[in-house]
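Please read the following report alongside the sequence and the coordinates. It is written for a reader at the bench who wants to find each feature in the viewer.

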Amino acid sequence: MFWKETADAVAPAITKLFQFIVRKSKYCSKWKIQRITPPHKRGSVLDAANYHPLSVLCNLSSCFENTVEPQFNAWLAEHTPPSQHGFVKGCGTADYGSALSFEIMTTLDERGEGILISLDVKGAFDRVWWSRLKARLRAKGMRGKALKLLHDYFFERFIQVVNNGDKSKLREIFSGVPQGAIWSPGLWDFDISEMESFLSVLAMLICYADDCGLWYKITEENRLTIIAQINKDLESLMDWARDNNTTFEPSKTHFTLISLRTSHKFDLCFPFPRPMFDGIPIKREESVKLVGFTFEKEMSWAKMISANAKKARCRIGLLCKLRHMLDDENMKNMYVSFIRPMLEYGSVQYMGAKASHLKKLDVVQRAAERIGNFEVPSLRLRREAAAVSFTLKLLDGAGRGVLANYAPTLITKSSNRDFVPGSRHVTRHLQLSDRSKVGSLDIFKDSYLGCIHKIWERLPMHLLTKGHQHGWRKITKQCKDHITGKTHPKSKLIEG
């Protein structure tokens, strides 16, 4: 706020300072002191590993990094693999969850099965090895002042822990990128980008920052050798980790066999051989949790939906305490801002879950409506609107990595709907092809992949024509409003 209020007075001097830093490739020494505030994450408060080392940096340092960030990250993005969805522009957890769930659901619909392994790089940002990072930046083509500036950026950095007014002594560090810095996410993505090259063609790696999912599709040809190949890949990943002076978090390394078969030949492979990681057998679980998504053995989404509903119920009590102080509109805003997002996390992925599971979410919303005396669109309509929004993104070619394979196919159908005076009564209507086949499983037909074409059919033709001509994502809000019942007059849609 201070810099905004005094921008006219200080901007010329700060501009000259930033230009001097770039020209001389020298980073201010005072900016390289990281003051660490350690908020508690979970577990015992006596264990230092249970604290999150958040860096509090100088405001001018963040301002400088933010100024250079567009050009810097544009270069780094060219070297970020498609498997990485974290800290990537236009990507979020929904892309990560969709990439994994679409692959799994497609495998199940083909009566196949597979193994999903969760991996987590221990320490993440704190483990970035500077000398190797700079060597890789040079190898990828970074030259001149940019490389010199980054070299100085990592030279003689210090940390100081600040807690309840007490300060520790300054301590020099030799690895890690500051948590909270503007450049750190892009540098982390670049640092981990090599990991995919250490895997075999059987492995599909999908990452969100340091949370990595390894998916192996089991076929009749590889059924008896898949475990050996997995162990070989995991050994290669450990070689990568040692080469980068890092390791993986063993407590977050699990695997689950995803299959709809009640009995299958794969279990004959157990207990020997078993998936091994650094010489330790990986624990087999009924489900694997990655970035808040719980992938169960039969992909029922029951655990994830129950967890979402439980988190939301914990906040319903807040509405009860506030109902005597806030009017209906503010109560609604509280619900929409702080409770409904919990109910909707992963809604596109779990939209094909059984009605008995989805009902748990509806119960929470109805309770909030009674307490706050308001009405909001049903969660089912909200899920359908989110699915349409995601489809528009894929149609615009913004699907990253494996999501590009799931971009919908547009077809034309004759239609008598949306009659517009002066036009032909029978029109050509842009629709999506049906991905389900004869014999497809119900869990596939009810999922996003199997039902999105039915939701799409409810969109008016004039909206689809506009999106086809001017860009699909430009009609996102109008499509979502139409699905949830906030339909605008047709004339405004056509003009807009």
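The report below treats a sheet and its central strand, then a helix pair, the nonpolar cores and two backbone details.

**The sheet and strand β3**

The model is a predicted one, and the account begins with an open sheet of five strands, arranged in the order β7-β8-β3-β9-β12 with mixed pairing. The edges of this sheet are formed by β7 and by β12 (283-284), each of which pairs on one side only. Helix α4, spanning residues 93-109, packs on the sheet and touches β3, β7, β8 and β9, and its direction makes about 15° with that of β8.

Strand β3 (residues 113-120) has β8 and β9 as its neighbours in the sheet order. Toward strand β8 (residues 211-218), β3 runs antiparallel and is joined by eight bridges, while its pairing with strand β9 (residues 254-258), also in the antiparallel sense, extends over five bridges. As a general point, strands of a sheet pair through backbone hydrogen bonds, either parallel or antiparallel. Individual bridge partners that can be located in the viewer are listed here.

| Residue of β3 | Partner strand | Bridge partner |
|---|---|---|
| I115 | β8 | Y216 |
| S118 | β8 | G213 |
| G114 | β9 | I258 |

How many of the eight residues of strand β3 are buried? Eight of the eight are, and the strand is therefore largely enclosed by the rest of the structure. In a regular strand the side chains alternate between the two faces of the sheet. In β3, residues E113, I115, I117 and L119 point one way, whereas G114, L116, S118 and D120 point the other way, and all of them are buried.

**The helix pair α14 and α16**

Helix α14 (residues 379-395) packs against helix α16 (residues 448-456) at an angle of about 95°, and their axes lie 10 Å apart. Since angles of 65 to 115 degrees count as roughly perpendicular, α14 is roughly perpendicular to α16. On the α14 side the contact is made by E384, A387, V388, F390, T391, L392, L394 and L395, and on the α16 side by Y448, I452, I455 and W456. Sorted by class, this contact of α14 with α16 has 10 nonpolar residues, one polar residue and one charged residue.

**Nonpolar cores**

The largest nonpolar core has 69 residues, and those with the most contacts inside it are F295, L319 and Y448. Helix α14 supplies the largest share of this core, namely eight residues. Leaving aside residues up to four places away in sequence, L319 touches M331, M334, Y335, I339, A368 and I371. A second, separate core has 58 residues, including L60, I117, L137 and W188; I117 is also one of the buried residues of β3. In soluble globular proteins, nonpolar side chains tend to be buried together.

**Two residues with positive phi**

Most residues other than glycine have a negative phi. A209, in the loop between β7 (203-208) and β8, has a phi near 60°, a positive value in a residue other than glycine. N245, in the loop between α8 (226-243) and β9, likewise has a positive phi, of about 55°, although it is not a glycine. Are these residues buried or partly exposed? A209 is buried, with a relative accessible area of 7%, whereas N245 counts as partly exposed at 45% relative accessibility.

Technical notes: Residues are numbered from 1 along each chain as its sequence is written. This is a predicted model: local features need pLDDT of at least 70, side-chain atom pairs count only at pLDDT 80 or more; totals for chains, interfaces and linings use all residues. Side-chain values use heavy atoms; hydrogens and water are left out. Buried means under 20% relative accessible area, exposed over 50%, partly exposed in between (1.4 Å probe, protein chains only). Helices (H or I, at least four residues) and strands (E, at least two) are DSSP runs, numbered from the N terminus. Two strands pair if DSSP finds at least two bridges between them. Axes are lines fitted to C-alpha atoms, for helices over the stretch in contact, and angles run from 0 to 180 degrees between N-to-C directions. Angles under 35 degrees count as roughly parallel, over 145 as roughly antiparallel, 65 to 115 as roughly perpendicular and the rest as oblique. Contact means heavy atoms within 4.5 Å. Ala, Val, Leu, Ile, Met, Phe, Trp, Tyr, Cys and Pro count as nonpolar, Asp, Glu, Lys and Arg as charged, and the others, Gly among them, as polar. A nonpolar core is a set of buried Ala, Val, Leu, Ile, Met, Phe, Trp, Tyr and Cys residues joined through side-chain atoms within 4.5 Å.
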